[in-house]
Amino acid sequence: MGIFSNILAKLGFGDDKTEVVAEAAPAAVEAPVVAAPVAISAVDVVAKLEALAAAHAEKLNWKTSIVDLLKLLGLDSSLAVRKELASELGCPADKMGDSAQMNMWLHKTVLQKLADNGGNIPAELL
């Protein structure tokens, strides 16, 4: 699909649903085995990003920079891709002409959309 769906996939949003469904059958037989996948299925975005940041060679400030967030996820962070993502997420036209304003809007919107999709995002980042 779109760039945002790539972000969701990189953070394991799609995998968690598959994981829970795949593990649902054994749930009736082995309750303790299911406990781990169910706990994992709540996407702790901050923990995943912090783990990626710790392992990354560059010091990336994903908490405030959409460029760094995309880099951390191994995605293209070029202006063209950011503009495409901003269009995909409905960025207001007045912000699209100013890359700094677009980037700030995009960062907040991506984090909000992650939260809307079940990601655990602290309020101070939204």
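**Helix α1 and its place in the core**

Ser5 is buried, its relative accessible area being 19%, which places this residue below the 20% cut-off for burial. The structure described here is a predicted model. Ser5 lies in helix α1, which spans residues 3-10, and its side chain comes to 2.6 Å from the backbone oxygen of Gly2. Ser5 shares its burial with other members of α1, since Ile3, Phe4, Ile7 and Leu8 are also listed as buried. Beyond the end of the helix comes Gly12, a residue with a positive phi, near 85°.

It helps to turn next to the interior of the model. In soluble globular proteins, nonpolar side chains tend to be buried together. Here, the largest nonpolar core holds 32 residues, and Ile7, Val110 and Leu114 have the most contacts inside it. Two or more residues come from each of α1, α4 (45-55), α5 (66-72), α6 (79-88) and α8 (99-116). The top contributor is α8, with six residues.

The packing of α1 against α8 can be described in some detail. Their axes lie 11 Å apart and make an angle of about 60°. The two helices are therefore oblique to each other, as this angle falls under the 65 degrees at which the roughly perpendicular range begins. The crossing of α1 past α8 is right-handed. On the α1 side, the contact is made by Phe4, Ile7 and Leu8, and on the α8 side by Val110, Lys113 and Leu114. An α-helix has 3.6 residues a turn, so residues three or four places apart point the same way. Phe4, Ile7 and Leu8 reappear among the partners of Leu114 once neighbours within four places in sequence are set aside. The other partners of Leu114 are Leu11, Phe13, Val45, Gly119 and Ile121.

A further point of interest is Ala53, a residue of helix α4. Is Ala53 buried or partly exposed? With a relative accessible area of 21%, Ala53 counts as partly exposed, because the limit for burial is under 20%. Ala53 touches Trp62 and Leu72, leaving out residues up to four places away in sequence. Asp68 is 15 residues from Ala53 along the chain, and the C-alpha atoms of the two are separated by 9.7 Å.

Note on methods:
Residues are numbered from 1 along each chain as its sequence is written. This is a predicted model: local features need pLDDT of at least 70, side-chain atom pairs count only at pLDDT 80 or more; totals for chains, interfaces and linings use all residues. Side-chain values use heavy atoms; hydrogens and water are left out. Helices (H or I, at least four residues) and strands (E, at least two) are DSSP runs, numbered from the N terminus. Buried means under 20% relative accessible area, exposed over 50%, partly exposed in between (1.4 Å probe, protein chains only). A polar contact is a pair of N or O atoms within 3.5 Å; within protein, one must be able to donate a hydrogen and the other to accept it, and residues adjacent in sequence count only if both atoms are side-chain atoms. A nonpolar core is a set of buried Ala, Val, Leu, Ile, Met, Phe, Trp, Tyr and Cys residues joined through side-chain atoms within 4.5 Å. Contact means heavy atoms within 4.5 Å. Axes are lines fitted to C-alpha atoms, for helices over the stretch in contact, and angles run from 0 to 180 degrees between N-to-C directions. Angles under 35 degrees count as roughly parallel, over 145 as roughly antiparallel, 65 to 115 as roughly perpendicular and the rest as oblique. A crossing is left-handed if the near helix is turned anticlockwise from the far one by less than a right angle, and right-handed if clockwise.
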